[in-house]
Amino acid sequence: MVRNEVEARDTADSAAGFERKALWPWLSLVVAMLVRIVCVLMGAPLLLGRRVEIATPVNSLIRLAEGYWLKQIGISSYAGSAYHGSPLLLAVLGPLTTGRGRTGGYPVLEHTASLVCVCTDFLSSLLLAGIGRRLQSAQLKQLSLLNLTKLLHARGSTKLSVGDTVMLFYAWNPFTIVSCIGGCTSSIENFMIILGLYGAVTGNSPLAAFGWTMAAHLSLYPAILFIPIALSLACGIDHPPMKLFKAAISSKGGACHLSASDCNEEMLITEAAIFHAYPYHFRGKYLRDFFIWSLVWWVYIIWLCRLAVGRHGLSEMFSETYGFILTVEDLSPNLGVFWYFFTEVFDFFRPFFLLVFHANILFMIVPIAIRLHHRPIFLAFIFIAISAMLKSYPSIGDAALYLGLMPLFMYEISGMRFTFFLLNGYIGISFLSLVMYNLWIWRGTGNANFYFATALAYACIQLILIVETLSTVFLFDRNLRKLKDINSKA
């Protein structure tokens, strides 16, 4: 009787402990959102909205408010080179950004639009948690089929699942918080990208197409994510190379000591298990649906834009949004390398160097996609990091997105080198950019070279991160092959 009571008490204590462990990540997420709300209500968007590291000519809420005010008085929102974003974003957020002051005169920036950014950050965290759970479940299933789960145990285990880890990492990342409360639309753009990735992971072609088209419409560079999203829908989410699964089938077939009919039956069962655990078979229906829905969403978005711009026409919209991004008309300082270079280059060579700078991204797409075709979500992470490094108007919101995606691959990149150097590099550049900008603009004791040196260091840090994550994942795949060979010989 006493023994049964003790066992019941132990069971109740373990259940309560499990509930506490399952509950605290969600409480932490709520606290992170409350921190954002408090910062917004204290006036953080007005304080940070003019920082060049946070708000750019493309994503600034202050510029959006000015464009909406121009539209209200009957002038094109793109007049005067103030606003260069989507007319749909202007129609949705415009009424939330401006209001009358107490005197009823000039418009003042309201906090409601920044609260919308807080909501999108909350939804992004939830979607990332869902992506993490899907990836972890698929990885455990595939590696258990290959008898390689000891590789995950050798790399260490955490008390949190991948979904909870990526959710909390994104919610508490300082870059994510600052980009959310800093008076810019980076949180909305990142939400659309994450929504597209979530649709790809769950096999929801309409959702994936909507997220991709909206992300590409808002900031152009996510258009390159068409490849990883299509690969994920057509061939399944991240998985080990196909050679390992073929070797698993052959090794199981060769190790059979039963009769011929029993061996054939065992081979069929093994192939069926591998077929379900490794969805490498081409799923043309999902890919076809993705193409169709992408076309539908693009037509619908362009039609809505036509209604939003009215008599000014779509040509002005394309010129002042995508054309503005590609021609780099605004050379105000930012975290990128375009602005400094094009202030120095002669106008005669400007078209050539514009082509070279933008082609850098395009030249990397095909070879990396071929090498990482079996890991489409990691491929999306690499594409996002490359575009954040080479885009014409970068901000810390771009870094917040790819850094927030890194915990999705916590097992693959756990052996990454230079982590201490990279961590301190991001921290150092965050403070150094503030100092250099102050010395150059406000104190007048420095010059543009001071701030551009920070931008170059930031680009180098991002390049090291990309190279190291790629090499670590390649090493992870090679270790899988080696362990599989050892197991097959044993």
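These legends walk you through three close-up views of a predicted model.

**View 1. A nonpolar patch on the surface, built from Val-30, Leu-34, Ile-37 and Leu-41.** Together, these four side chains offer about 340 Å² of accessible area. Look for Ile-37 in helix α1, which runs through residues 2-41. Is Ile-37 buried or exposed? The answer falls in between: Ile-37 has a relative accessibility of 30%, so it counts as partly exposed. Here is a handy rule for reading this view: an α-helix has 3.6 residues a turn, so residues three or four places apart point the same way.

**View 2. The largest pocket and its lining.** The space in this pocket comes to about 960 Å³. Its lining has 31 residues, and those closest to the centre are Asn-173, Phe-175, Leu-403, Leu-423 and Tyr-426. Which helix gives the largest share of the lining? That is α21, with ten residues. Helices that each supply at least two lining residues include α7 (162-172), α20 (396-405) and α22 (448-489). By kind, the lining of the largest pocket divides into 24 nonpolar residues, five polar and two charged.

**View 3. Helix α8, a mostly covered helix.** Now turn to α8 (174-181), which also supplies at least two residues of the lining of the largest pocket. How many of its eight residues are buried? Six are, and you can find them as Phe-175, Thr-176, Ile-177, Ser-179, Cys-180 and Ile-181. Phe-175 appeared in the previous view too, among the lining residues closest to the centre of the largest pocket. After α8 comes Gly-183, with a positive phi near 70 degrees.

Methods:
Residues are numbered from 1 along each chain as its sequence is written. This is a predicted model: local features need pLDDT of at least 70, side-chain atom pairs count only at pLDDT 80 or more; totals for chains, interfaces and linings use all residues. Side-chain values use heavy atoms; hydrogens and water are left out. Patches are made of residues with over 30% relative accessible area and no salt bridge: like charges are joined within 9 Å, nonpolar side chains (Val, Leu, Ile, Met, Phe, Trp, Tyr) within 5 Å. Accessible areas come from the Shrake-Rupley method with a 1.4 Å probe; for residues, only the protein chains shown count as cover. Helices (H or I, at least four residues) and strands (E, at least two) are DSSP runs, numbered from the N terminus. Buried means under 20% relative accessible area, exposed over 50%, partly exposed in between (1.4 Å probe, protein chains only). On a 1 Å grid over the protein atoms alone, a cavity is a set of points where a 1.4 Å probe fits but cannot get out, and a pocket is an open set with protein on both sides within 12 Å along at least five of seven lines; lining residues have an atom within 4 Å of a point. Grid points are joined across faces, edges and corners, and a volume is the space filled by probe spheres set on the points. Ala, Val, Leu, Ile, Met, Phe, Trp, Tyr, Cys and Pro count as nonpolar, Asp, Glu, Lys and Arg as charged, and the others, Gly among them, as polar.
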